[in-house]
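This report goes through selected features of one structure, from helix burial and packing to backbone angles and charged pairs.

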Amino acid sequence: MQRNKVHHVYTVERVASELGVSEALIQDLTLVSARAKPDAEPDSVLTVAEITALDRIDASRTRPRLRRPTLAAYLLQIAMLGGYLARKHDPPPGNMVVWRGMTRLHDIAFGISIGSSRRCG
């Protein structure tokens, strides 16, 4: 006997309020689960500030890595911020490395936003 499956559409706000956690945490977990859709648009998970920060970090390298702006490419960049080395024989980045990279990315994006809004003096 097979049951009919009911699919619920959850928004970030609804999940956050039901679980009693912050929306930022839900966004981070969404990014970790975004591995199932590697060719998705990065703005479906990342904010504009985060994408801009990753683009600026990549542009400062001698050989930029972001050839195609897909979610998988940005996820690799985030994992590298968390300590992932991205060598040819390395397994895919784990959740902890991605989590550390997201924490660092938030700090970098915040720093960029502070530096770009110079209103002192």
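In this predicted model, the buried residues of helix 4 are Leu71, Ala73, Tyr74, Leu75, Gln77, Ile78, Ala79, Met80 and Leu81. Helix 4 spans residues 71-81 and is mostly covered, with nine of its eleven residues buried. After helix 4 comes Gly83, which has a positive phi near 115 degrees.

A second positive phi belongs to Ala86, near 60 degrees, in a residue other than glycine. Most residues other than glycine have a negative phi. Ala86 is placed in the loop between helix 4 and helix 5.

**Helix 3 against helix 5**

The axes of helix 3 and helix 5 (residues 95-116) come within 9 Å and cross at roughly 90 degrees. Angles from 65 to 115 degrees count as roughly perpendicular, and the two helices are therefore roughly perpendicular to each other. On the helix 3 side, the contact is made by Ala49, Glu50, Ala53, Leu54, Arg56 and Ile57; these meet Met102, Leu105, His106, Ile108, Ala109 and Ile112 of helix 5. By type, the residues of this contact are nine nonpolar, one polar and two charged.

Ala53 is one of the helix 3 residues in this contact. Helix 3 covers residues 48-59. Ala53 has a relative accessibility of 1% and so counts as buried, the cut-off being under 20%. Leaving aside residues up to four places away in sequence, Ala53 touches Leu105, Ile108, Ala109 and Ile112. Between Ala53 and His106 the C-alpha to C-alpha distance is 9.1 Å, while the two are 53 residues apart in sequence.

**Salt bridges**

The whole structure contains three salt bridges, listed here with their N to O distances.

| Basic residue | Acidic residue | N to O distance |
|---|---|---|
| Arg68 | Asp39 | 3.6 Å |
| Arg61 | Asp58 | 3.4 Å |
| Arg87 | Asp90 | 3.1 Å |

Arg68 forms its salt bridge with Asp39. Arg68 sits in the loop between helix 3 and helix 4, and Asp39 in the loop between helix 2 (23-32) and helix 3, so the pair ties together parts that are 29 residues apart in sequence. Both Arg68 and Asp39 are exposed.

In the pair of Asp58 and Arg61, Asp58 counts as buried at 5% relative accessibility, whereas Arg61 counts as partly exposed at 26%. For the bridge between Arg87 and Asp90, Arg87 is partly exposed with a relative accessible area of 43%, and Asp90 counts as buried at 17%.

Note on methods
Residues numbered from 1 in each chain as written. Predicted model: local features only at pLDDT ≥ 70, side-chain atom pairs only at ≥ 80, totals over all residues. Heavy atoms only, no water. Helix = DSSP H or I, 4+ residues; strand = E, 2+ residues; numbered from the N terminus. Buried < 20%, exposed > 50% of the residue type's maximum accessible area, 1.4 Å probe, protein only. Contact = heavy atoms within 4.5 Å. Axes fitted to C-alpha atoms, helices over the stretch in contact; angles between N-to-C directions. Parallel < 35°, antiparallel > 145°, perpendicular 65-115°, else oblique. Nonpolar A, V, L, I, M, F, W, Y, C, P; charged D, E, K, R; others polar. Salt bridge = Lys/Arg side-chain N within 4 Å of Asp/Glu carboxyl O.
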